[in-house]
There are 2 protein chains.
Amino acid sequence: MPDSTSPDLAFAAHDHTHCAHDALERAEALTKASGARMTPVRRRVLEILLEEHKALGAYDVLARLAVEGFGNQPPVAYRALEFLVEQGLAHRIQRLNAFTACTHPGQDHAPAFLICRLCHMVAEAEASAARTALDAEAARAGFQVERSTIEALGLCPNCREAA
Amino acid sequence: MPDSTSPDLAFAAHDHTHCAHDALERAEALTKASGARMTPVRRRVLEILLEEHKALGAYDVLARLAVEGFGNQPPVAYRALEFLVEQGLAHRIQRLNAFTACTHPGQDHAPAFLICRLCHMVAEAEASAARTALDAEAARAGFQVERSTIEALGLCPNCREAA
DNA sequence: TCTATGTATGTAATATCATAACACGTCAAC
DNA sequence: GTTGACGTGTTATGATATTACATACATAGA
Ligand SMILES: [Zn+2]
Ligand SMILES: [Zn+2]
Ligand SMILES: [Zn+2]
Ligand SMILES: [Zn+2]
């Protein structure tokens, strides 16, 4: 996302090769800067997630890794995914038990996710207004929010038009 | 919730026996009115969920059912839970892969959930403001929201005070 | 009443998602 | 060159969820 006021690019036609390549470069730079180690497995998992704006299950990722000569046991995938999530390079989608590459690495953010129920594309959306409303409502009950999950299921612009 | 402007009772000290009994009665009335069949398994599952303001996994529910002479295979629990969710008598908490009894059956609602990370209590909170913000942000991306999940993890008033 | 129909329940088998525990390899610090 | 931190690989297991099929039960016609 170029800035916090324009909608996410994921659903729009775009040069995805560039989009993915760019995200990977930013990831390399970020990990280098933070001292985190971007190893071959981790890089490859990120590349796999970046292939499409969709969410992949850990076992889908694992299958891809396995045929490429990496380990083929679940922890191999889960650990790399966990690393990416910790580094803010990927997100976990609770609703799908799956993971998606972050489209704005480096911008500290807690987005909402827009999940198309037809084509399964996933986009990030600005969630600060929704979070503010949620935190306020929680506060009325004396509850202190630490993290929140905001995920929407529906129709992306493309599938909506097709229907 | 007495009305949509007061916070959820779940975290507050209250006569829970009455709270649960009342919810069960409303559930009976609602299903009767709608023609849905409140069978023994389904009623028992709702009673189990109503015992506490917490979320229970399907297998926890199943274990309880099994010792009481109901079936002891997963579909027994999952089907009853699915029924209750469809009827608006229970909710699924995505973050926990678990289910909780609805505290306002009959009021058509799509609440947010407040999940205490210490005592594991779950309360419902009014989510319309957050949803409105989310829908608006989604619309900017051309996305049409059909359902959304809003769940907050944090500290309930009791645990917050204790800490 | 009998029987047809839809719905609920029970069960077996399997699929899917996730983690614990331990062994081994690499690399940098000392 | 030993130590310690970290990453990877593997085994085993645990946790969550669904498919498929058989059986029981309610209720509505005939
Ligand atoms: Zn992101
Ligand atoms: Zn779509
Ligand atoms: Zn109560
Ligand atoms: Zn608490």
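These legends describe close-up views of a predicted model.

**View 1. Protein residues around DNA strand C.**
This view shows the 16 residues around DNA strand C. Tyr59(A), Tyr78(A), Arg92(A), Thr39(B) and Arg79(B) come nearest. By class, this surface holds seven nonpolar, five polar and four charged residues. Sugar or phosphate supplies 48% of the strand C atoms within 4 Å of the protein, and bases supply the rest.

**View 2. Polar contacts to DNA strand C.**
Both chains take part here. The side chain of Tyr59(A) places an N or O atom 2.8 Å from a base nitrogen of DNA strand C. In the side chain of Arg42(B), an N or O atom is 3.3 Å from a sugar or linking oxygen of the strand. Gly71(B) uses its backbone: an N or O atom there lies 3.4 Å from a phosphate oxygen of DNA strand C. The elements giving two or more residues to this surface are α4 (74-86) of chain A, plus α2 (40-50) and α4 (74-86) of chain B.

**View 3. Protein residues around DNA strand D.**
DNA strand D is surrounded by 17 residues. The closest are Thr39(A), Gln73(A), Arg79(A), Tyr59(B) and Arg92(B). Of the strand D atoms that come within 4 Å of the protein, 49% are sugar and phosphate. The surface residues divide into eight nonpolar, five polar and four charged.

**View 4. Polar contacts to DNA strand D.**
A polar side-chain atom of Arg79(A) lies 2.4 Å from a base nitrogen of DNA strand D. Phosphate oxygens of the strand also appear in this view. One is 3.4 Å from an N or O atom in the side chain of Arg42(A). For the side chain of Tyr78(B), the distance from an N or O atom to a phosphate oxygen is 3.0 Å. At least two residues of this surface come from each of α2 (40-50) and α4 of chain A and α4 of chain B.

**View 5. A sheet built from both chains.**
Six strands form an open, mixed sheet in the order β4(A)-β3(A)-β5(A)-β5(B)-β3(B)-β4(B). β4 (122-125) of chain A and β4 (122-125) of chain B stand at the edges; each has a single partner strand, so one side of each lacks a neighbour in the sheet. Neighbouring strands are turned by 25 degrees against each other on average, direction ignored.

**View 6. Strand pairing and helix packing in chain A.**
β3 (residues 112-116) of chain A pairs with β4(A) in the antiparallel sense over four bridges. Leu114(A) stands opposite Ala123(A) in β4(A). Helix α5 (residues 128-140) of chain A packs on the sheet, and its direction makes about 130 degrees with that of β5(A).

Note on methods. Residues numbered from 1 in each chain as written. Chains lettered and ligands numbered in written order. Predicted model: local features only at pLDDT ≥ 70, side-chain atom pairs only at ≥ 80, totals over all residues. Heavy atoms only, no water. Near = heavy atom within 4 Å. Polar contact = N/O pair within 3.5 Å; in protein donor to acceptor, adjacent residues only side chain to side chain. Nonpolar A, V, L, I, M, F, W, Y, C, P; charged D, E, K, R; others polar. Pairing = 2+ DSSP bridges. Axes fitted to C-alpha atoms, helices over the stretch in contact; angles between N-to-C directions. Contact = heavy atoms within 4.5 Å.
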